[in-house]
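Got your viewer open and a selection box ready? Load the model below, and let's take a walk through it.

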Amino acid sequence: MSNYNNGKEIPSLHKLYQDYFHIGAAVNPMMLKSQQEIIKEHFSSITAENEMKFEALHPEEDRFTFENADKILSFAKENGKSVRGHTLVWHNQTSDWIFTDTNGKLVNRKTLLKRMEKHITTVMERYKGQIYSWDVVNEAVTDSGPTILRDSKWLSIIGDDFIDKAFEFAHQADPDAALFYNDYNESHPEKRDKIYKLVQGLVDRGVPIHGIGMQAHWNLTGPSYDEIREAIEKYASLGLKIQITEMDVSVFNFEDKRTHFTEPTEEMKAQQAERYQGFFKLFREYADVITSVTFWGATDEYTWLNNFPVQGRKNWPFVFDENHLPKISFWKIADF
Ligand code: HAH
């Protein structure tokens, strides 16, 4: 890959931001082949998109499958990249065996806590010293309605303190890792206040938590800059660090059913660039509390947003296009 585009030199994104925060990308084995050059050049931190999730690492009680995660760690080591861990306790992509006994009946609190501890300890000890931050608990808060905690087997079997326990086990396993609570719709006022309450409770009880992960699955119209600013300030007021953990800027609103686009329109590209500029301006303002900004991918060649949440709808959410070339969005976050 040339480091020039139309005669213009392309600066390394993570180097531009080295005095601010890490610039990260979620990666998978396919991307480490096809997008290797761009990942090496522009990102200082990587996260496994799927390879460190429970179902990927621990398909049966007595069997761990570390091969794919190990490969991502080796790539990081060989190329001097830092690693964010994602994720230890979540209601999705988690093997069913952990909740059930051999007869298919739900296990009790004590058994599930033991299994949770074993999982967290085994995974974190294996990668001790190699992972600077872990998403210990992912997406435990409801999007709407009166209850704070989402209905899940973790909650119904263990009870409200499953989050406290996960952080305690994680801290025991690797006392040097920064431990994060991670969620989406994190800037939506109603959900923001619930996340704040949940985490405030953890902090008040002395639970070892060090930061809040704002996933940042955003789009051209929402959330507003004011909503993001308020979320950052509110979370940071707990004395915690913030990481932007899964950023992408969809060119569609969540529920937009149009599926006929084969490329983004000029208007979409311009609006996205303006949004990226505004987001990164905000991030730089809060560089004292934000320690990394990770995209949930690297280039428009691949994104989890293809077909989600609308089947058949392609998306172009990043600052590099399908050919790995910088978009206007790139230049807007590179020029400051
Ligand atoms: C995230 N959920 C997960 O944390 C990540 O592990 C996965 O690969 C992709 C996205 C986000 C999410 C959302 O924005 C809306 C509804 C459900 C989940």
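Where is N6 found? Select N6 and you land in the loop between strand 1 (4–5) and strand 2 (8–9). Before going further, keep in mind that what you have on screen is a predicted model. Now check the backbone: N6 has a positive phi of about 50°, yet this residue is not a glycine. With a relative accessibility of 80%, N6 counts as exposed, because the cut-off for that class is over 50%.

**Another positive phi**

Jump to N185. Here too phi is positive, about 50°, and N185 is not a glycine either. You'll find N185 in the loop between strand 7 and helix 9. As for its surroundings, N185 is partly exposed, with a relative accessible area of 38%.

While you're in this part of the chain, pick F180. This residue sits in strand 7, which covers residues 178–183. Is F180 buried or exposed? At 1% relative accessibility, F180 is buried, since anything under 20% falls in that class. Try a distance, too: draw a line from the C-alpha of F180 to the C-alpha of A170 and you should read 10 Å, for two residues that are 10 apart along the chain.

**Into the ligand site**

Next, centre on the ligand. It sits in the largest pocket. Which residues are around the ligand? Show K53, H86, W90, N138, E139, Y184, Q215, H217, E246, W296, W304 and F308 as sticks.

Three of these side chains deserve a distance label. Begin with K53, where a polar side-chain atom lies 2.9 Å from a ligand oxygen. Move on to H86: an N or O atom of its side chain is 2.7 Å from an oxygen atom of the ligand. Finish with Q215, whose side chain places an N or O atom 3.3 Å from a ligand oxygen. How much of the ligand does the protein bury? Taken alone, the ligand exposes 430 Å², and the protein buries 84% of that.

**Two cis peptide bonds**

Stay on H86 and look along the backbone. The peptide bond from H86 to T87 is cis, with omega near 0°. T87 itself lies in strand 5.

Now go to F308, another of the residues around the ligand. The bond joining F308 and P309 is a cis peptide bond as well, with omega about 0°. P309 belongs to the loop between strand 11 and helix 12.

**Charged pairs**

Time to switch on the salt bridges. How many are there? The count comes to 18 salt bridges. The general idea is familiar: side chains of opposite charge can pair when their charged atoms come close. We'll visit a few.

Since you're already in the loop between strand 11 and helix 12 with P309, select K327 and D300. These two form a salt bridge, with the closest N and O atoms 2.6 Å apart. Where does each partner sit? K327 and D300 are both in the loop between strand 11 (290–295) and helix 12 (328–334), 27 residues apart, and the pair links distant parts of the chain. Turn on a surface and check: both K327 and D300 are buried.

Then select D96 and K153. Their side chains meet in a salt bridge at 3.6 Å, N to O. This one also links distant parts of the chain: D96 is in the loop between strand 5 (82–89) and helix 6 (109–126), while K153 is in helix 7 (residues 153–158), and 57 residues separate them. D96 counts as partly exposed at 49% relative accessibility, and K153 is partly exposed with a relative accessible area of 34%.

Last pair: E230 and R192. Their side chains meet in a salt bridge too, 3.4 Å from N to O. E230 comes from helix 10 (residues 225–236) and R192 from helix 9 (residues 189–204), 38 residues apart, so to speak a bridge between distant parts of the chain. Which of the two is buried, and which is partly exposed? R192 counts as buried at 10% relative accessibility, whereas E230 counts as partly exposed at 43%.

Before you close the session, add D193 and K234 to that selection. Salt bridges that share partners join R192, D193, E230 and K234 into one network.

Conventions:
Residues are numbered from 1 along each chain as its sequence is written. This is a predicted model: local features need pLDDT of at least 70, side-chain atom pairs count only at pLDDT 80 or more; totals for chains, interfaces and linings use all residues. Side-chain values use heavy atoms; hydrogens and water are left out. A salt bridge is a side-chain nitrogen of Lys or Arg within 4 Å of a carboxyl oxygen of Asp or Glu. Helices (H or I, at least four residues) and strands (E, at least two) are DSSP runs, numbered from the N terminus. Buried means under 20% relative accessible area, exposed over 50%, partly exposed in between (1.4 Å probe, protein chains only). A residue is near a molecule or strand if one of its heavy atoms lies within 4 Å of it. A polar contact is a pair of N or O atoms within 3.5 Å; within protein, one must be able to donate a hydrogen and the other to accept it, and residues adjacent in sequence count only if both atoms are side-chain atoms. Accessible areas come from the Shrake-Rupley method with a 1.4 Å probe; for residues, only the protein chains shown count as cover. On a 1 Å grid over the protein atoms alone, a cavity is a set of points where a 1.4 Å probe fits but cannot get out, and a pocket is an open set with protein on both sides within 12 Å along at least five of seven lines; lining residues have an atom within 4 Å of a point. A molecule sits in a cavity or pocket if more than half of its atoms lie within 2 Å of its grid points.
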